[in-house]
Amino acid sequence: MNLPHDPKALLARANSLRSAGRLVEALPVYQSLVALAPGEADYLNELGNCLQALGRYEDAIAAQRRATELQPNKAYLLNNLGVSLARSGSTDEAATVFRRSLSIVPDQFPILANLGNALHQSDRYEEAVQAFERAIRLRNDQAAVFRALGNSLASLKRYEEASSAYARAVELDPRNPSYRASVAVLLLSQGRVSESIKVFRDAMRFGSLQPWAHSNFLLGLHYVTQSGAAEIFEEHRRWAQTHAPLVPVSAHANEPVPDRRLRIGYVSPDFRSQSVGFFIEPLLRMHDSSQFEITCYSDNDQTDDMTHRLRSYVERWHNIWGYDDRGVTELVRADGIDILVDLSGHTGSNRLLVFAQKPAPIQVTYLGYADTTGLRTIDYRITDNYADPLGTSEQYHTEKLVRPFASAWCYQPPADAPGINPLPASQKDVVTFGSFSIPAKISSDVVALWSRVLRSLPGAILLLKYDHYANAGIVRYIREMFAAAGIEGDRLEFAGRSPTQRAHLATYNRIDLSLDTFPYHGTTTTCEALWMGVPVVTLAGNTHVSRVGVSLLTNAGLCEFIAHGPDEFVRIATELATGRTALAELRGSLRERMRRSPLMDPKGFTQSFEAAYRQMWRHWCASRASGKSE
């Protein structure tokens, strides 16, 4: 390319190419411009903007940092550096840079909005709200800032205020599906699932949802009894067709040797004291390092004791927080991963768009999501014969189902779990039922069935525990559902977030019997309850989400607590609650039953998983040897 030597002509050429979307062509022109005038801050800034648009954030930051060193009092240079820092994941530093910019020009709407976004990404939600509110005082006609304000308010569980902010965003831009989707996600988090699904469908009339919002819609479908397996499967396929259409995948350079040491990669935002952490720990801790090299890709900037413990079990650990999907894809390929395992599915902060690029020759989904991903690029989904009986759900999956062990879950209770107290009913002569599930699982159908149980035992009470019950609006909504089913408010108790995991588990010592939700069963909550001596009654269904309880209770040797219809559910719960001597004896034996069950056999569980990985790999090697395409 013949380039002019006049800086102004070079700048005009570069800006023209960038405006036309020809970023790759614009980049060398900007680089030539900077080489010609290395001390010109504006040229460095424009180079940084181009690099930022190409996703080369580190290079963008270097250029823009140099620009701010040359001109430290230019607010717009600091703002652009802050944007690149935020996009790279360095959100705390970005916030500092935005504040420096505002110290020069205090009332700049774009900088305040950028500051709010950086603070939100750093989980500094109160500060983010203040920044967004300052921005709105300057301009109250920008829908995106109202949506961003709503996001921060929702993170603070200030749901009524968040709802107002989202409503204003929709009012300003009623045809934007993303703003309507934010309303739907907020409704879902408050347990108003039917309303949420209606708003999601309304949003889709105006265009495609963003992938994260569309994933939330898929998750919501599982919470209501009206959703059928065929409908849910088609919606998952639609997600994949919309956001991850099949693209040509580069051949993998992995050496196709059947019995060599394999590189396994796990991708998750939840390598910490969360549900995924509790169940993935045995698999990481017990892995055969002579046969498998483990790499974890952690998509979270927050760590805790479990994070450090998990990290100690594996050979490699990458924090991919702030990486874009392309960056993660390139990292996985560079690591030579043979089998890449998704631990999120369509839950929050998933990286399914990485899996859509097929960075590893074999890809698996497991644990974090109770259904298909809908992606043709994920080869296998790991489950068991109780949650997915052979021949019942294969037609509703794009993945091949693999059932390596009796249980798809291996539970690792916290080492400092409290002891089990005597049966509460024997102390205060009142039966206490409980559920520690998220509000979204407690639908009107669930309330109706649980209310039948409560009416069969007039003195009994129900304790509901979850973080969201710190919000008065959610508590009021659930009380209203129970009131409509004939259950007085004084028979309901609510508990919010506990300060520690040990304190959370200790709350199970307040309940005699746990009632499972349906159609979406509990997983972690069921294992926690059993470990704390609290039996769980579950209602079996026909899909994975409604058979998780079947798997857990069967593997724990508690099949008698699995109901196959509403009447049987009421009968089992009532008989258990009234047989206090037997219930007390059961309470004392459940922890030992758990220890002896497949639910707590980490060695057998891990060996079965690793055998399944080896079989997957040999199949891939055989397909390569036969000349079949990947």
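Over the face of which ring does Lys465 lie, and at what distance from the ring centre?

## Charges over aromatic rings

In this predicted model, Lys465 is placed over the face of Phe436, at 5.9 Å from the ring centre. A second such arrangement involves Arg139, which lies over the face of Phe109 at 5.5 Å from the ring centre.

## The Phe233–Tyr396 pair

The structure contains twelve aromatic pairs. One of them joins Phe233 and Tyr396 in an edge-to-face arrangement, with 6.4 Å centre to centre and 65° between the planes. Phe233 belongs to helix α14 (residues 229–243), whereas Tyr396 is in the loop between β6 (380–382) and β7 (400–402); the pair therefore ties together parts that are 163 residues apart in sequence.

The two partners also have their accessibility assigned. Phe233 is buried, with a relative accessible area of 9%, and Tyr396 counts as partly exposed at 25% relative accessibility.

## The Phe405–Phe605 pair and its cluster

The ring centres of Phe405 and Phe605 are 5.7 Å apart and their planes stand at 85°, so this pair is edge-to-face. Phe405 is located in the loop between β7 and α19 (424–428), and Phe605 in helix α27 (residues 602–625); the contact therefore ties together parts that are 200 residues apart in sequence.

Both Phe405 and Phe605 are buried. These two residues are also members of one aromatic cluster, together with Tyr366, Phe609 and Tyr613.

Note on methods. Residues are numbered from 1 along each chain as its sequence is written. This is a predicted model: local features need pLDDT of at least 70, side-chain atom pairs count only at pLDDT 80 or more; totals for chains, interfaces and linings use all residues. Side-chain values use heavy atoms; hydrogens and water are left out. Rings of Phe, Tyr and Trp (its six-membered ring) pair if their centres lie within 6.5 Å; planes under 30 degrees apart count as stacked, over 60 as edge-to-face and the rest as tilted. Helices (H or I, at least four residues) and strands (E, at least two) are DSSP runs, numbered from the N terminus. Buried means under 20% relative accessible area, exposed over 50%, partly exposed in between (1.4 Å probe, protein chains only). A charge sits over a ring if NZ of Lys or CZ of Arg is within 6 Å of the ring centre and within 35 degrees of the ring normal.
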